[in-house]
Structures are given as C-alpha cells and as structure tokens.
Amino acid sequence: MEAGALRHRVAIQEPVEARNSYNEAINTWALVAVVWAWVAPLAGREFFAAEHVQSEITHRVRLRYRAGITSEMRVVYAGRVLMIQSVIDRGERRRELELMCREVQ
C-alpha cells in the first residue's frame, strides 16, 4: 500500500455501555483510533455485486493493518458515519485492512 493513497483522516469507534446520571445503561461510542485511510464510494457495478453479498454496502475503506477491528465498530469520516459490515485482511499478510461499510444517516 502506498502511503500517498492514505489521504483521508478517519476515526474508528467501538460501542460501549455507559451510565447516565440516573444510573441507567446507555449505548454510546468510544474512540479506538484516528488513522489515515483511503475512503471511496462503491461504483455502480461494485455496489450491485456487493449488495448481493451483503446488504447496502456503500463504501470501501482501506487502512494499514490494525489488530482488533471488528464488524461491530464504525468509521467516522468528514462527519459521515460508516458502519463496518465486514473486515478483510487483504492478502492475509497483516499489512492492510479493507473495511466494507454502510453509510447511515
């Protein structure tokens, strides 16, 4: 992976359960890391093919390998929220991750 391709700054967040002032459990998001990544919307044919495999895949995010990234996390990029649908270790060499994501409003 070329360093120049990683030109987008993204935040990776994980769900956590916190307590409010009434000691009730609430779901919130905690920051895991802020990393450089490559973010691209899927083009027509890719979107159509990905939609058959997984529902509503809208973006592909590539970043350097980082252990612990799961499909329960999300990516926040430029104020947009991308829910991770699958995590792919490209080449199975622990050098690069590809996250297939679905944008939520």
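These exercises work through a predicted model of one protein chain.

**Exercise 1. Lay out the fold**

Task: State how many helices and strands the protein chain has, and give their order.

Solution:
- Count the elements: there is 1 helix, and there are 6 strands.
- Now read along the sequence: the pattern is β-β-α-β-β-β-β.
- Add the chain-wide burial: of the 105 residues, 33% are buried.
- Finish with the contacts between residues at least 6 apart in sequence: 51% of them join residues at least 24 apart.

**Exercise 2. Find the partners of β2**

Task: Work out which strands pair with β2, and in what sense.

Solution:
- Start with β1, residues 8-19: β1 pairs with β2 over 12 bridges, antiparallel.
- Pick one pair from it: I12 faces A33 of β2.
- Check the connection: β1 and β2 make a hairpin, with 5 residues between them. In the turn, N23 has a positive phi of about 65 degrees.
- Turn to β3, residues 59-64: β3 is joined to β2 by 5 bridges and also runs antiparallel.
- Pick one pair here too: P41 has H59 in β3 as its bridge partner.

**Exercise 3. Place A37**

Task: Decide whether A37 is buried or exposed, and list what A37 touches beyond four places in sequence.

Solution:
- Locate the residue: A37 sits in strand β2, residues 25-41.
- Apply the cut-off: buried means under 20% relative accessible area. A37 has 0% relative accessibility, so A37 counts as buried.
- List the contacts: A37 touches A5, L6, R7, H8, V10, V61, R62 and L63.
- Take L63 as a case: A37 and L63 are 26 residues apart in sequence, yet their C-alpha atoms are 4.6 Å apart.

Conventions. Residues are numbered from 1 along each chain as its sequence is written. This is a predicted model: local features need pLDDT of at least 70, side-chain atom pairs count only at pLDDT 80 or more; totals for chains, interfaces and linings use all residues. Side-chain values use heavy atoms; hydrogens and water are left out. Helices (H or I, at least four residues) and strands (E, at least two) are DSSP runs, numbered from the N terminus. Buried means under 20% relative accessible area, exposed over 50%, partly exposed in between (1.4 Å probe, protein chains only). Contact means heavy atoms within 4.5 Å. Two strands pair if DSSP finds at least two bridges between them.
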